[in-house]
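Here's a quick briefing to keep beside you while you turn the structure around on screen. It goes through the DNA strands one at a time, then looks at how the protein chains meet.

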There are 2 protein chains.
Amino acid sequence: MQQALQQKVQKAASAIAQECFAMRVRYLNRSLTSIYDEVFRPLSITASQVNMLVAIITQQTLSPSELGGILNIEKSTLSRNLDRMRKAGWVEIDSSQPGRSHTVQASEKGQALLLNILPLWQKAQETTCTLLGSERSKAIREVADHARSEIMKT
Amino acid sequence: MQQALQQKVQKAASAIAQECFAMRVRYLNRSLTSIYDEVFRPLSITASQVNMLVAIITQQTLSPSELGGILNIEKSTLSRNLDRMRKAGWVEIDSSQPGRSHTVQASEKGQALLLNILPLWQKAQETTCTLLGSERSKAIREVADHARSEIMKT
DNA sequence: GGGCTATTGTTGCATATACAACAATATATG
DNA sequence: CATATATTGTTGTATATGCAACAATAGCCC
């Protein structure tokens, strides 16, 4: 490969490495998810599942598609994630009205679990805050909440 | 379930929903990754693979474990991701010294691909900047780069 | 009402991710 | 030098994620 081309390639790689937003949120995702997954492990629940459980309990009852809208999770992903949580006994899914939009809600077991999750979550939250610093932690909230409001518009 | 307990559960869920960092970076990850995946689709490469290719080209040559350190990706994940990229012909993996640390580098095809990726990446980058606003975009960079420097210390 | 379209959910397939266990090698320590 | 320990990489297993295609239903327009 020519010298000139090589330099172009290097410059392109450097530019992307120094600027890319996707690379950065993906890095943060891996790093923070591992913190939360680790503290939740004694309860055999993942960070992803805690997120879903929290959203379901907050909303009391809702359809899978509404939940997908709130969390911006694709319907097929949600379908299988919910199925795992149903098998674990944390949520109940009412598919009685055939074909109609299903309803999802937390079971008693799922609600009780959340109370055990809370102190573990607080620990992970603190670890994260220490890692990022409190100013940057606030920034994460601000950015994500803004993105969510923008995405929900559409 | 008792009324008092129900309230505790609701409060816990609200607190987590309003504060959780993991929920937020996971949301951003899904939202931004889909923007980049979409623009890269014509080249049959994913955002994750672009990240890896960029890191490899920037470093010129390095071992899988070094790459894992840079991107904070678990070694087993990396092993399989690299294998897919090798099969696609974008990287070369030298395992000649048996048992010793392997070396990874981009192939000519991989380097040429990066030049085609660049304009698509710029488009995704702009879309993201419009979605987040330029101040918040800067904040993402600041937070992730700080986290990376903290994590690299250890 | 009848047909067209949009919404909702599932399934097949592929990639991304990580833990645990393993194998092989490298390094340190006595 | 020999053994104990640490590093490196792969493989088995499981969850998380999304696209495409499909099925079923709901809603709309005439």
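A word on classes before anything else: Ala, Val, Leu, Ile, Met, Phe, Trp, Tyr, Cys and Pro count as nonpolar, Asp, Glu, Lys and Arg as charged, and the rest, Gly among them, as polar. Sorted that way, the surface near DNA strand D comes out as 3 nonpolar, 13 polar and 9 charged residues. Keep in mind that this is a predicted model.

**Around DNA strand D**

- There are 25 residues around DNA strand D, and A:Thr46, A:Ser76, B:Arg26, B:Ser79 and B:Arg80 come nearest.
- If you look at the atoms of DNA strand D that come within 4 Å of the protein, sugar and phosphate make up 60% of them.
- B:Ser79, one of those nearest residues, has a side-chain N or O atom 2.6 Å from a phosphate oxygen of DNA strand D.
- A:Glu74 goes for the phosphate too, but with its backbone: a polar backbone atom there sits 3.1 Å from a phosphate oxygen of the strand.
- For a base contact, check B:Lys75, where an N or O atom of the side chain is 2.8 Å from a base oxygen of DNA strand D.
- Which elements each supply at least two residues of this surface? From chain A they are helix H3 (47–59) and H5, and from chain B helix H2 (21–40), helix H4 (64–71) and H5.
- H5(A) has the largest share of the surface near DNA strand D, at 5 residues.

**Around DNA strand C**

- DNA strand C is surrounded by 25 residues, with A:Arg26, A:Ser79, A:Arg80, B:Thr46 and B:Ser76 the closest.
- Of the atoms of DNA strand C within 4 Å of the protein, 57% belong to sugar and phosphate.
- Two backbone contacts to phosphate are worth a look: A:Ser65 has a backbone N or O atom 2.9 Å from a phosphate oxygen of DNA strand C, while for B:Glu74 a polar backbone atom is 3.1 Å from a phosphate oxygen.
- B:Thr77 reaches a base instead, with a side-chain N or O atom 3.2 Å from a base nitrogen of DNA strand C.
- Two or more residues each come from helix H2 (21–40), helix H4 (64–71) and helix H5 (75–87) of chain A, plus helix H3 (47–59) and helix H5 (75–87) of chain B.
- H5(B) gives the most here, with 5 residues.
- By class, the surface near DNA strand C has 3 nonpolar, 13 polar and 9 charged residues.

**Where chain A meets chain B**

- How many residues does each chain bring to the contact? Chain A brings 66 residues and chain B brings 66 residues.
- About 6,600 Å² is buried between the two chains, and carbon and sulfur atoms give 68% of that.
- A:Phe21, A:Arg26 and A:Tyr27 supply 12% of the area chain A buries against chain B, more than any other three residues.
- A:Arg26 therefore turns up twice in this briefing, as it is also among the residues closest to DNA strand C.- The interface has 6 salt bridges, including one between the side chains of A:Asp145 and B:Arg24 (3.1 Å, N to O).
- Between chain A and chain B, 22 residue pairs are in polar contact, both residues being at pLDDT 80 or more.
- On chain A, helix H1 (3–19), H2, H3, H4, helix H6 (108–132) and helix H7 (134–153) each supply at least two residues of the side that touches chain B.
- That side of chain A divides into 37 nonpolar, 17 polar and 12 charged residues.

Technical notes:
Residues are numbered from 1 along each chain as its sequence is written. Chains are lettered from A and ligands numbered from 1 in the order in which they are written. This is a predicted model: local features need pLDDT of at least 70, side-chain atom pairs count only at pLDDT 80 or more; totals for chains, interfaces and linings use all residues. Side-chain values use heavy atoms; hydrogens and water are left out. A residue is near a molecule or strand if one of its heavy atoms lies within 4 Å of it. A polar contact is a pair of N or O atoms within 3.5 Å; within protein, one must be able to donate a hydrogen and the other to accept it, and residues adjacent in sequence count only if both atoms are side-chain atoms. Helices (H or I, at least four residues) and strands (E, at least two) are DSSP runs, numbered from the N terminus. Contact means heavy atoms within 4.5 Å. Buried area is the accessible area (1.4 Å probe) that two parts lose on being put together, summed over both. A salt bridge is a side-chain nitrogen of Lys or Arg within 4 Å of a carboxyl oxygen of Asp or Glu.
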